[in-house]
Structures are given as C-alpha cells and as structure tokens.
Amino acid sequence: MASVKLTDVKKIYDNNVIAVHDFNLEIADKEFVVFVGPSGCGKSTTLRMIAGLEDISDGTVEIDGVVVNDLQPKDRDIAMVFQNYALYPHMTVYDNIAFSLRLKKMPEDEVYEKVTNAAEILGITEYLTRKPRALSGGQRQRVAIGRAMVRNSKVFLMDEPLSNLDAKLRNQMRAEIILLRQKLNTTFVYVTHDQTEAMTLGDRIVIMRDGIIEQVGTPTEVFEKPSNLFVAEFIGAPKMNLINTKLEQVDDKYYVTPFGARIKVGGEKGKELKAAGIAPQDVVLGVRPEHIVLAEAGSESAIPCTLEVNEMMGSELHLHVYTEDGTRLIVRVPTINLTIDQRNELVYGKKLYITFEGKVMHFFGKETGTNLIYG
Amino acid sequence: MSEKKLLEQNASPIQKRHMGLKATRALSNTAIYALLVAISVIWLIPFACILLQSFRVESTWQVGYVIPQQWGFDNYVNLFKTDFPRWYTNTFTAALVTAVLQTIIVLCMSYTLSRFRFKLRKPLMRFMLILGMFPGMLTMIILYRVLKDLGLTQANAVPGLILVYIASSGMGYYVSKGFFDTIPKSLDEAARVDGATRFQVLKKIILPLSKPIVIYTILTAFMGPWGDYVFAQYISFGTSSGMNVAVGLYRWLNKDQIAASYTMFCAGGVLVAIPVTVLFMCLQKYYVEGVTGGAVKG
Amino acid sequence: MKKYSDLEYLKLSKGQKLLYKITSFFCAIPQKIAGLFVALWNLILKGYNIVKNEAVDIWTTFVQGDWKTKVSFLVMGFGNIARGQILRGLLFLLFEVVFIGYMILAGGYWLSMLPSLGKVGPTEEYDFVLDAYYTVYNDNSFKILLYGVLTIFFIIGFVYTWRVNVRQNKLAEKILKSGKKLKSGKDDLRSMVDDKFHATLLSLPLTGILIFTVMPIVFMILVAFTNYDGAHDGYYSNLFTWVGWDNFNTMLNWNVAKGGGSVQSYAATFGEVLSWTLMWAFFATFTNYFLGMFVAMAINKKGIKLKKLWRTVLVLTIAIPQFISLLYVSKMFAKNGIVNGFLMSMGWISEALPFWEDPTWARITVILINIWIGIPHLMLITTGILMNIPADLYESARIDGANPWQQYTKITLPYMLFVTGPYLLTSFTGNMNNFNVIYLLTGGAPTNPAASSAAGTVGYTDLLITWLFKITQGAESQYYLASVVGILVFVVVALISLVVYNVLPSIKNEEDFQ
C-alpha cells in the first residue's frame with residue numbers, strides 16, 4: 001500500500017525512438033489507475049518502468065516516497081500480472097504461487113497457509129497440484145493473479161491481464177478484479193487498450209497517445225468532458241460522431257448548423273459556452289450515437305439522411321446513416337421505443353431524419369482539436 | 001450382378017476420377033516404399049560390412065568380399081595388444097571433460113546473449129560471426145607451439161586437447177541461443193518481479209525449462225572430441241600414447257600398415273561406434289529438437 | 001533505365017519481370033558501392049567523434065574534479081579508496097601495479113624486439129673444456145611475435161581500464177554531490193549475480209575466445225607478413241623476420257614461379273583449388289539440401305507407414321563418428337575394395353573402376369559419398385520445418401487447382417528457402433571448409449602433378465582448407481603461405497556471406513511468412 005509518483009519520466013530507445021514523453025502523474029495510496037490508449041502509445045512501457053523491467057531514460061519514479069530508479073524489480077516491492085500470464089510451466093499451480101514466498105525464505109507452513117488462502121479466494125483450490133498447461137485461460141489468469149496476491153506488495157501492476165481471454169470470460173474476470181480490489185485494498189496500476197475495461201475498473205483513467213498523456217480524469221470526467229478529439233473518439237462505443245460545422249451566436253444564444261439544419265445550444269451547455277466566452281467560429285461538433293434521436297421531417301433542427309446499415313444489437317439498433325454531403329454517422333436507437341413495423345421499415349436506402357439536443361454536444365476547435373470549454 | 005459392379009457402372013465421372021486417385025496413390029506409395037527400402041539398405045550396408053569384417057579371421061587385409069569365411073574374435077583380442085586401449089581412454093577422457101565444460105560455457109554464452117541487452121551485445125555477436133569465418137585450423141599452428149612449450153602435447157596431449165576443444169566453444173552459441181529465445185521473456189520478468197535475482201532466474205526458471213537443449217549441447221559436445229581427427233592429429237604429433245582413436249585408427253590404414261591392420265581397424269571402429277550410437281539412440285529426441293530448432297533460427 | 005511503379009511492374013510479363021530485376025540489380029551496384037563508402041566515411045567520422053568526446057571528457061574530468069580525482073589520474077583506484085569503495089580501488093591499483101611491473105620486467109623488451117623479430121639467431125660456441133662446438137640459442141622470433149602481440153593487447157586493456165577509472169571518479173563525484181550513497185564492495189559483489197550477471201557469465205567464455213581464437217588469429221595474420229617456416233622457426237634453426245607483402249605476391253602473382261620442380265605458379269594452383277572448392281561447396285550443399293528434403297517429404301507423405309523406423313535408420317548413421325564411416329567407405333571404393341570386388345564378381349566390369357585414381361571420378365565420388373553423409377542431417381532439419389508449414393496453405397492451393405508439383409514449387413520450396421536461407425549460407429561456407437570429408441576420403445588425391453612440388457603435393461580433390469593443412473605438414477612447413485591461404489579463405493567466405501546476406505529474403509523481409 002503506497003503512493004506512486006512519476007516525475008518527468010521519459011523513455012528513449014536505443015534507436016532514438018521516444019516511447020514516453022515527460023510523464024507526470026501522482027497515484028494516491030489505494031487508488032486504482034488505468035492507463036489506456038491504442039497500441040504503441042507507451043502505456044505498457046510506463047508500467048514496465050514502474051516495475052523496473054525497463055530502464056528509465058530520464059525523470060524519477062517514486063514508490064512510497066522512495067526513488068526507485070536504480071532498484072531492481074525484486075527490490076521495489078511490487079506485484080505484477082502479465083498479459084500472457086507468464087506462469088512457470090514446469091511448476092505446479094501451488095509452486096507458482098509459492099515461488100515469491102519461497103524466495104523470501106518464508107517457512108513452509110506459512111507458505112502453505114498463504115497459498116491455500118489465495119487459492120480459496122480465487123476458487124482454484126482444486127487445481128493446486130496441476131501444471132499450468134492443464135488449465136484453461138481463465139484459470140491461468142486466476143493463478144497469475146494469485147501469484148501476485150500472496151505477495152502483499154505495495155503496488156499491484158497489471159499489464160493487459162484480460163486481453164487473452166474470450167469476450168464472455170473477460171466480462172466475468174473484470175467483475176472479479178473489482179471484487180479483488182476491494183479485498184486487497186492496495187494501489188493498482190492497470191494497463192489496457194480496451195476503453196470499457198478502463199471505464200469500469202478505474203478510479204482514474206490516464207488516456208495516452210504516442211507517449212503523451214492526453215487526459216487524466218475519473219471515468220465520468222473523460223466521458224462527459226473529453227479534453228480533445230482523441231479522447232472523445234477513444235472513450236465510448238460506438239465512437240462519437242464528429243461533424244464539421246459552424247458555431248453561431250445570435251444575441252445571447254448559440255446555434256450550430258450541421259448539414260443545413262439549425263440547432264440551438266440550450267441549457268447548461270449554452271451557459272458554459274457563454275461563461276467561457278467562446279466566439280462564433282468553425283468547430284468540430286461531437287455527438288455520441290446514443291444522443292442522436294430520430295426526428296420528424298420539416299423541423300428546423302431535423303437533418304435528412306439515408307440508412308446504409310442496420311445492426312440489430314438486441315436492446316438497441318445501431319443505424320449507420322449518411323447525410324446529403326456523404327458524412328457517415330452512427331445512431332443508437334433503443335429497440336423498445338420502436339414498434340415492429342417501424343423496425344421493419346429500417347432497411348437499406350430508407351430516408352430518415354435525425355436530430356440532437358444542445359445539452360449533449362461537445363465542441364472542439366477546428367484547428368486545435370481541443371475541447372473549447374474544458375480543453 | 002453384384003452390388004459393387006452395379007455401382008461402378010453407374011459411377012459418375014467424378015466418382016471414377018476418385019477411384020483413379022486411389023489407384024495412383026497406392027502406386028506412388030509403393031514407389032516410395034521401394035525407395036525407402038533402397039535408401040535404408042544403402043545407408044546401412046557400410047556399417048553391416050564393417051561389423052562383418054571385424055569378425056573375419058582368415059586374413060587381415062582388404063578383400064573383395066564381405067562375409068567372412070572364418071568367424072572369430074581374433075581382431076578384438078588383437079586390439080588389446082596394441083595402443084588401442086590407451087587411445088580409447090584418451091578419447092573418452094577428453095570427450096567427457098569437454099562435454100561438461102563446453103556445455104557450461106555454451107550455456108553461459110547463449111543465455112546471456114538471449115536474455116541480456118547490454119551495449120556491446122550486437123557488436124560482440126557480429127565480431128564472433130566474423131571470427132568464425134577464419135579457418136579454425138589456422139590457429140592450430142600457434143596453439144601447437146604454445147601448448148608444446150607448456151608441455152601439453154605428444155604424450156600429454158589429452159589436457160592440451162581438452163583446452164583446445166573448450167577454449168573457443170563460446171562461439172558455438174547459436175543453437176542454444178535460438179532455444180532460449182523461444183522461452184518467453186515474460187517468465188524472466190515475472191520471476192524478477194517475484195523477487196528473484198538474475199542468477200535465481202537462470203537456476204529456477206530457465207534451466208529447468210531447457211532440458212532438451214542442455215542434453216543436446218552435452219551430446220554434441222561429447223561427440224565432437226569423440227570423432228575429432230585434425231586437432232588430435234596436430235597435438236599428439238605422431239606420439240602413439242597421446243593419440244585418440246581417430247588418429248590411431250587412421251594410421252592403421254596407411255599403405256604400410258593396412259595389410260596387417262585392416263580388420264583390426266574394423267573391430268576398433270565397431271568398439272568406438274557402439275557407445276556413442278547407444279547414447280545417441282537414447283537421446284535422439286533431444287538431438288532432433290536441437291538440430292531442427294537450430295537450422296530454423298539460423 | 002526505366003523505373004516501374006509497383007502496379008506497372010505487376011503488368012509486365014514473366015520475362016520482362018526477370019529482366020527488370022536483373023537490370024535493376026546491376027544498376028544498383030554503383031549506388032551500393034557508393035553507399036559502402038559513405039558508410040565507411042560515417043564510421044570514420046563516428047570514430048573521430050568518439051575519440052574527441054572521450055578526450056574532452058577526460059580533460060574536463062581532470063579540470064573540474066577534486067584532488068582525489070586528480071590523484072587518480074596517476075594512481076588508479078585512489079579516488080575509489082578515498083571515497084570508501086575499497087574493493088574496486090584495490091582492484092584498480094593492483095592492475096596498475098601488475099601492468100607497470102610487467103612492462104618494466106618483460107613487456108618493454110618484447111615491444112622493443114617486435115620491429116626486428118630478433119637480432120641474434122642460434123650461434124655455434126666453442127667449449128674449451130670439452131673441446132667441442134655446441135649451439136647457443138639466443139633470440140626467439142616466435143616468442144617475440146607472440147608476446148609482442150600479447151603486450152599490445154595488454155596495453156590496450158590498460159588504457160581502457162584507466163579510462164574506466166577516470167570515468168568512475170567523475171560518476172562518484174556526481175553521485176556524492178546529489179546526496180546519494182556510493183555502492184559498497186558488498187553491493188558490487190551482489191550485482192555480479194544480478195544486474196551485472198551478464199558480465200559474470202561472459203567473462204569465462206570471452207577470455208577463452210580472446211586467448212585461443214582472437215590472439216592466434218592476430219598472430220597468424222601477422223605471420224603472413226613474415227618468412228616463418230620450417231627452416232626459419234625463429235629459435236632452433238633461424239630467426240624469421242618481416243617480409244612485407246612478399247608472400248601475398250607469391251600467392252597471387254601469376255608470374256612468380258612456384259619452384260621446387262612445379263610447373264605452375266602458386267596463383268594458378270590457388271585458382272584451381274579455389275574453383276574446385278567453390279564447385280564442391282555448391283554441389284555438396286545443394287545436392288544434400290534437395291535430396292534431403294525429398295527423403296523427408298517421402299517419409300512425411302500421408303499413408304506411409306513405419307515413419308519412425310525409416311527416420312531411425314538414417315539417424316543411426318549420424319551417431320557413428322565420421323572418421324570411421326569415411327575411412328571405411330574410402331576403402332570400400334579403393335581399387336581392391338568391396339565395391340570393385342562386388343562389381344567384378346557379378347561380371348559387370350572387367351577391371352576396377354578408378355574411383356580415386358581419375359580426377360573426374362574422384363570428384364564425383366566424393367560428392368556422392370558426401371550425399372550419403374549429409375542426407376540424414378538434412379532429412380532431420382527439413383522434416384521439422386516441413387511439418388511447420390501450415391496445412392491450410394496446401395488446402396487452399398488444392399482448392400485453387402494446384403497439382404503436387406505446383407504445390408511443391410509454389411509453396412513448399414519458397415517456404416523452405418525462406419526459412420533455411422541463413423542455414424544454406426552457413427552450410428555453404430561450412431562445406432568450403434569441410435576438412436573431414438575430403439581429408440579422410442581422399443587426402444586430396446589424385447595428385448595434380450602440375451600443381452605439386454617438392455614442397456608439397458596438391459591433389460584434384462584438395463580444398464583450400466586441406467591444402468592449407470598440407471602446407472603446414474609438408475617438408476618445408478611454409479607457415480607463412482598457410483597464413484596467406486587462411487586469410488584468403490576468410491576473404492572469400494566473408495565476401496560470399498556479405499553478398500548473400502544482402503539478397504537473402506529472410507534477412508530483408510523478416511515477416512513474410514510469419
């Protein structure tokens with residue numbers, strides 16, 4: 001249990017490729033922080049620098065107030081779960097979990113107690129005498145977690161622990177990690193490329209791209225107040241729709257004019273725009289698919305478009321539509337709001353009208369790509 | 001009309017082709033069996049001949065037939081009246097010591113080059129690649145003279161020979177490095193996070209997982225000296241008591257000795273081949289793994 | 001020449017494609033050579049920069065360092081000891097003392113003798129008591145050259161260690177200034193099994209390579225510039241001395257006669273042996289490769305039973321030491337050997353076939369016997385790789401309508417060549433230096449009278465490597481010529497490797513088949 005502090009951490013490889021630029025982050029004691037980003041964004045490298053598996057080119061990493069740059073992994077008091085589990089294939093599950101304890105020269109009866117205890121929590125007691133080869137993916141994952149658990153270390157590092165599991169198992173293990181976290185009550189640093197995992201697990205999310213932190217915030221913050229286009233697109237599924245349009249100001253009111261329609265930016269959003277003193281300008285307007293609704297023809301705010309693909313997801317439909325200028329948008333429509341007849345009509349080529357309200361809009365600078373209000 | 005005939009009559013063209021396929025396959029399989037039998041015969045004949053001739057009693061020189069007219073162990077008995085036992089001990093000692101030491105050196109080298117990333121790693125590997133392009137025999141000229149000054153040649157050839165065998169064995173790291181490269185690095189990392197030093201990683205994780213390659217390395221390290229001719233010839237330099245079996249037996253095929261020693265050569269050859277063949281057959285699995293892996297890795 | 005874009009290239013016919021590839025290869029040669037020079041120049045620049053930076057760093061360390069650092073420039077390890085790193089300091093100091101002691105007691109002498117390789121050879125002295133002449137041995141050229149080289153190695157090592165010593169002082173100052181602690185001797189020892197474990201592991205193998213490979217090679221390269229041979233062994237007979245490029249001139253100049261009753265120059269002999277060596281390496285490599293692959297495929301074929309037995313029969317032959325099988329087989333093919341005996345008893349031939357007596361027969365026979373030796377190895381290697389080819393490649397090829405031959409040429413062969421490319425290269429160079437097969441089978445015979453001389457025989461099946469061996473064994477033991485041949489072997493092997501590495505697909509597009 002400890003805080004982790006990274007100050008100006010840099011990673012430069014031998015071929016002068018910079019993997020991580022001045023990384024600054026303070027992780028509080030018992031916090032669950034998730035690093036998320038597309039592959040090659042430097043999230044794993046950062047985690048491995050905390051673990052001591054990767055040299056730190058510049059800056060300092062502190063664990064519990066102690067600079068650990070020059071310490072070997074074994075001296076940093078950390079536990080880590082690897083993407084491919086990294087179970088020792090020649091050892092039984094019991095020996096795998098006991099490995100670190102035995103290295104510490106812990107008496108065997110204590111080892112026994114700790115290992116069986118961890119196995120109980122993870123529900124792998126019956127597999128203790130097996131070799132990893134004889135286990136399924138999910139079971140291996142549990143062993144890997146068990147191996148990290150018994151160490152009672154200051155920081156718990158997880159490098160894409162769920163990405164080798166199939167979708168169903170992944171959901172299940174995700175829930176178990178949340179439970180585990182409550183039981184262990186320690187500091188977690190978790191790396192993933194999956195935004196769903198990041199949103200559901202993290203107290204705070206660190207979104208990275210090309211070695212740079214794009215935004216740090218709680219799941220709600222990054223979802224509702226994405227600081228730039230990259231974060232806006234990365235968080236949320238399906239992706240946020242981005243529309244090139246104009247922000248206009250008439251008297252005190254703001255309007256946007258996507259695809260010839262004219263929609264008022266009302267309520268809170270309008271006030272926020274005004275408070276931030278945003279001038280009328282070309283903007284990139286972001287609207288999440290779930291915030292777009294089907295509309296009637298003739299209204300000033302209705303945008304005409306044509307249906308291309310209709311994906312039935314069960315509780316909702318994902319409608320892929322294109323507007324008159326060819327821009328492609330995605331609309332999420334809850335199935336429950338539609339009658340069977342209405343649903344049957346939604347086929348290729350169907351003309352539709354869509355609209356959205358002002359309160360769900362995100363505004364990004366056309367040149368900068370940063371959020372006009374929160375960026 | 002039988003059912004089968006009826007079927008054939010009504011067979012569609014596709015079905016007919018199918019039957020043709022079966023026939024061709026049977027034909028080509030027969031051809032392959034014939035070939036494999038021929039290969040087996042060709043490959044085994046020399047060894048069968050050597051074995052048969054080692055039991056020949058009626059004459060000691062080369063003859064144009066294979067099956068002895070008179071069988072007996074005379075040649076084997078005669079072997080023990082020569083320096084052969086001495087050569088055999090020499091070879092065995094050299095091969096055994098070399099197998100142990102060379103394995104240690106090769107494993108150190110290949111593990112390091114596979115697992116550690118240090119500044120001089122690439123230059124070192126390139127340097128060894130270039131060194132390997134020099135004919136190794138060239139170095140014998142100087143090594144012989146240096147070893148001679150140290151008193152490690154001729155009658156005392158064995159320690160000198162061991163030194164020569166193991167000295168540069170670090171350069172033969174390719175195969176085992178290729179094997180180590182296939183063990184996921186995350187195992188090392190997991191162990192290091194778990195509190196192991198690099199040495200403990202090697203001892204507790206890598207070595208237990210490397211049984212095949214350790215055995216392969218021991219096997220090849222043993223077989224090298226067991227069949228070596230050049231270095232042994234150089235270092236024993238004509239002194240019989242310092243020779244190994246290869247050098248000793250080679251001399252028996254000289255123009256002036258062959259008439260008296262040809263069948264004895266066969267008997268000696270059999271005795272030399274037996275232990276290493278038995279060893280090899282037991283460990284064949286590991287040898288195959290090593291050879292295949294090594295070639296793929298280059 | 002016209003350059004095609006990727007899409008335009010696809011439109012060309014097969015012949016045009018080939019032509020385009022060949023012409024673009026040759027057109028690229030000047031560029032490549034230019035690139036080589038640029039790379040060389042960059043290397044020189046880099047070297048210059050490194051030296052410059054080092055010099056500047058040493059100077060600033062001296063100027064900015066405290067008195068402990070300054071003393072360390074003269075007394076190595078002083079800074080370490082003064083700052084509490086006793087173990088390191090003592091090791092540095094010990095090394096310096098040993099070095100200075102060695103240079104005064106011996107090293108200086110060897111270095112001073114190196115330019116001449118000895119001044120006084122063995123002399124005849126008169127013993128008044130016994131009233132007889134006896135020989136006094138004086139300078140020893142061999143030792144002078146050997147220890148001279150060692151001394152130079154030692155000096156380089158000392159300069160490097162001194163540099164490390166200076167750098168450590170600078171580092172120590174920096175660490176102390178930032179308020180951190182220096183590593184103690186105990187820490188140093190611990191790091192030997194942990195973060196410096198690689199240095200520990202490499203120390204023994206690299207020492208062996210340095211002493212038993214690097215040093216001898218340097219020595220032998222130098223020997224190529226001396227007249228070291230049986231008559232000038234540097235101690236017992238005569239001293240040897242530097243002769244410059246004379247030996248290379250002897251070996252490579254067509255107009256320099258070989259002497260000793262030989263009718264042709266060394267250059268002509270070298271050319272003949274080299275061309276046979278290359279021919280041999282080519283045939284030995286590729287016959288084994290394709291036949292081995294063929295046997296492996298035959299055993300692998302679906303429906304063939306007793307796969308394990310066939311393989312074991314072949315593998316068995318690997319186990320038997322080569323000197324036994326080669327020597328025995330060589331006798332089998334002798335004039336009065338079993339093969340001729342069998343053929344004659346069957347009445348198929350009336351007189352013995354000249355397997356080892358006729359140059360062409362001998363060359364073909366060694367290649368055939370080499371196939372016998374090599375196929376089991378290749379069978380093993382290719383079996384593993386063949387089984388790794390994804391079966392769905394063949395399935396999709398069959399659905400696309402490929403017959404077995406097309407499957408072989410379009411899938412199996414490209415895959416095999418890709419995977420085994422590096423292996424083929426090493427096997428080619430290995431065959432060039434395949435001493436055992438040639439020496440134990442034929443010993444180089446039959447003799448090539450035009451190339452041989454009193455100093456040594458050269459045969460039609462001699463490779464460069466067996467020729468080298470014979471030169472050192474001959475009556476005159478012309479070590480200097482052996483060195484020249486060795487260096488030339490290196491040059492040939494290096495050139496081939498360089499060229500092949502540059503065109504090998506497995507090096508260029510590593511991911512193609514993965």
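What covers the buried residues of H7(B)? In this predicted model, the cover includes four helices of chain B, namely H4 (84-115), H6 (137-149), H11 (211-227) and H12 (230-236), together with helix H8 (197-223) of chain C. The covered helix, H7 of chain B, spans residues 157-167. Ten of its eleven residues are buried, so H7(B) is largely enclosed by the rest of the structure. A residue counts as buried here if 20 or more other C-beta atoms lie within 10 Å of its own. The buried residues of H7(B) begin with B:Ala157 and B:Val158. The list continues with B:Gly160, B:Leu161, B:Ile162, B:Leu163, B:Val164, B:Tyr165, B:Ile166 and B:Ala167.

From this helix the view may be widened to the chain that holds it. Chain B contains 15 helices and zero strands. Of its 298 residues, 44% are buried. The radius of gyration of chain B is 27 Å, whereas a compact globule of 298 residues would have a value near 19 Å. Along the principal axes, the C-alpha atoms of chain B fill a box of roughly 95 × 70 × 35 Å. The contacts within the chain can be described by sequence separation: among those between residues at least 6 apart, 73% join residues at least 24 apart.

Chain B also touches both of the other chains discussed here. In its contact with chain C, 64 residues come from chain B and 78 residues from chain C. On the side of chain B, the largest share comes from helix H2 (residues 13-53), with 13 residues. By class, this side of chain B comprises 46 nonpolar, 15 polar and three charged residues.

The contact between chain B and chain A takes 15 residues from chain B and 18 residues from chain A. On the side of chain B, the elements that give two or more residues are helix H9 (185-193) and helix H10 (198-209). H9(B) gives the most, with six residues. The side of chain B that touches chain A divides into eight nonpolar, four polar and three charged residues.

Chain A may be described in the corresponding terms. Its secondary structure consists of ten helices and 20 strands. Its C-alpha atoms fill a box of roughly 80 × 50 × 40 Å along the principal axes, and 40% of its 375 residues are buried. Of the contacts in chain A with a separation of 6 or more, 66% are between residues 24 or more positions apart.

Chain C offers a case of helix packing. Two packed helices are described by the angle between their axes and the distance between the axes. Helix H18 (residues 464-473) of chain C packs against helix H19 (residues 479-503) of chain C at an angle of about 165°, with the axes 8 Å apart. Because angles over 145 degrees count as roughly antiparallel, H18(C) is roughly antiparallel to H19(C). The crossing of H18(C) past H19(C) is left-handed.

Which residues of H18(C) and H19(C) meet? From H18(C), they are C:Leu464, C:Ile465, C:Trp467, C:Leu468, C:Ile471 and C:Thr472. Their counterparts in H19(C) are C:Tyr479, C:Leu481, C:Ala482, C:Val485, C:Gly486 and C:Val489. The residues of this contact comprise ten nonpolar, two polar and no charged.

Terms used
Residues numbered from 1 in each chain as written. Chains lettered and ligands numbered in written order. Predicted model: local features only at pLDDT ≥ 70, side-chain atom pairs only at ≥ 80, totals over all residues. Axes fitted to C-alpha atoms, helices over the stretch in contact; angles between N-to-C directions. Parallel < 35°, antiparallel > 145°, perpendicular 65-115°, else oblique. Left-handed = near helix turned anticlockwise from the far one by under 90°. Contact = placed C-beta atoms within 7 Å. Nonpolar A, V, L, I, M, F, W, Y, C, P; charged D, E, K, R; others polar. Rg over C-alpha atoms; globule rule 2.2 N^0.38 Å. Buried ≥ 20, exposed ≤ 12 C-beta atoms within 10 Å, placed from the backbone.
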